[in-house]
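Please open the structure in a viewer and keep the sequence panel visible beside it. The tour below proceeds by selections, each followed by a description of what is to be found there.

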Amino acid sequence: MLEYMGNKEYWDERFKQRNDKPLSPEGVLIDNINCFKKGSVLDIACGDGRNALFFLENGFKITGVDFSLNALERLKRFAEKSNHSIETRQIDLSKPSGLKDIGIFDNIVINHYRLSEENLVDIESHISDDGILFISGFGYKHKVDERIRKQDLIQPMDIEMLKKSFQLIKYIEDDSKRGFLVTYILKKKSSEFKTT
């Protein structure tokens, strides 16, 4: 069975074979750009940057992380072509401390990737007060196949773990030909308003 989401060789090869044009940004991200706090964005599992490039064009400062060097090199080329600068970091997100030294951002985007529980719990330490956490991808009702495994599906319990530090401001379900997709837009609570 192909481990599509976590297979570095698969993605390195896939990015090598793509044409020299970035894919379109995620539609639900475009529709909800006004939810984001102006400033910086950490794009987790950014690939070759379809969403990162959209943020750059809308005045955000971007750091993109991915485990595929081919993807990150493509992203840098795309950004340079449109006269934008971007920071990229090659990180293996399967490691529990993968985001340990990444810093603090105004927004974090996790699109079509399910972070490990350890990294998801740690996400609050990488986002500023009132910052936006955008999580979107295949949801718990998506039909599992050779590309998308059950462990790749975003589960409601993933979001439950975040409720101490984040307030859910928008939830979207999209059951279309792409599959069952979910989007959670959460806002980090100010330090003085967190519940214990």
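Strands, in this tour, are DSSP runs of E with at least two residues, numbered from the N terminus. By that rule, D175 is found in strand β6. The model on the screen is a predicted one.

**The whole chain**

Begin with the entire protein chain in a cartoon view. The protein chain contains six helices and seven strands, and their order along the sequence is α-α-β-α-β-α-β-β-α-β-α-β-β. The protein chain has 196 residues, of which 49% count as buried. If a surface is displayed, its accessible area comes to about 10200 Å², with 48% of that belonging to carbon and sulfur atoms. Among contacts between residues at least 6 apart in sequence, 63% join residues at least 24 apart.

**Strands β1, β2 and β3**

Select residues 61-66, which form strand β2. Five of these six residues are buried, so β2 is largely enclosed by the rest of the structure. Now add residues 40-44, strand β1, which pairs with β2 in the parallel sense over five bridges. To find one point of this pairing, label L42 and T63: T63, in β2, is the bridge partner of L42.

Next add residues 87-90, strand β3; β2 and β3 run parallel and are joined by four bridges. Here the residues to label are D66 and Q90, since D66 stands opposite Q90 in β3.

**The two crossovers**

Which helices complete the β-α-β units around β2? Select residues 50-57, helix α3, together with β1 and β2: the three make a right-handed β-α-β unit. Then select residues 69-81, helix α4, together with β2 and β3; these also make a right-handed β-α-β unit.

**Helix α3 and its surroundings**

Remain with α3 and show its side chains. Is this helix mostly covered or mostly open? Six of its eight residues are buried, and α3 is therefore mostly covered, buried meaning under 20% relative accessible area. The buried residues are N51, A52, L53, F54, F55 and L56. To see what covers them, display α2 (27-31), β1, β2, α4 and β4 (105-111), which are among the covering elements. Just after α3, select G59, which takes a positive phi of about 85 degrees.

**Salt bridges**

Show the side chains of Asp, Glu, Lys and Arg. How many salt bridges does the structure hold? There are seven.

For one of them, select D158 and R114, whose closest N and O atoms are 2.8 Å apart. This pair links distant parts of the chain: D158 lies in helix α6 (residues 156-160), R114 lies in the loop between β4 and α5 (117-121), and 44 residues separate the two. D158 is buried, with a relative accessible area of 6%, whereas R114 is partly exposed at 22%.

Move next to D152 and R149, whose side chains meet in a salt bridge at 2.9 Å from N to O. D152 counts as buried at 8% relative accessibility, and R149 counts as buried at 12%.

Then select K163 and E160, whose side chains meet in a salt bridge at 3.0 Å from N to O. K163 counts as partly exposed, at 38% relative accessibility.

Finally, select E26, R50 and R178 together. These residues are linked in a network of salt bridges.

**Strand β6 and the surface**

Select residues 166-176, strand β6, in which Y171 lies. Y171 is partly exposed, with a relative accessible area of 33%. Add Y140 and L168 to this selection and turn on the surface: with Y171 they form a nonpolar patch, with about 240 Å² of accessible area together.

The last stop is D175, also found in strand β6. Is D175 buried or exposed? At 64% relative accessibility, D175 counts as exposed. To close, draw a distance between the C-alpha atoms of D175 and K141: they are separated by 9.0 Å, and the two residues are 34 residues apart along the chain.

Terms used: Residues numbered from 1 in each chain as written. Predicted model: local features only at pLDDT ≥ 70, side-chain atom pairs only at ≥ 80, totals over all residues. Heavy atoms only, no water. Buried < 20%, exposed > 50% of the residue type's maximum accessible area, 1.4 Å probe, protein only. Pairing = 2+ DSSP bridges. Right-handed = clockwise from strand over helix to strand, strands pointing away. Patch = residues over 30% accessible without salt bridge, like charges linked within 9 Å, V, L, I, M, F, W, Y side chains within 5 Å. Areas by Shrake-Rupley, 256 points an atom, 1.4 Å probe, with all protein chains shown as cover. Salt bridge = Lys/Arg side-chain N within 4 Å of Asp/Glu carboxyl O. Contact = heavy atoms within 4.5 Å.
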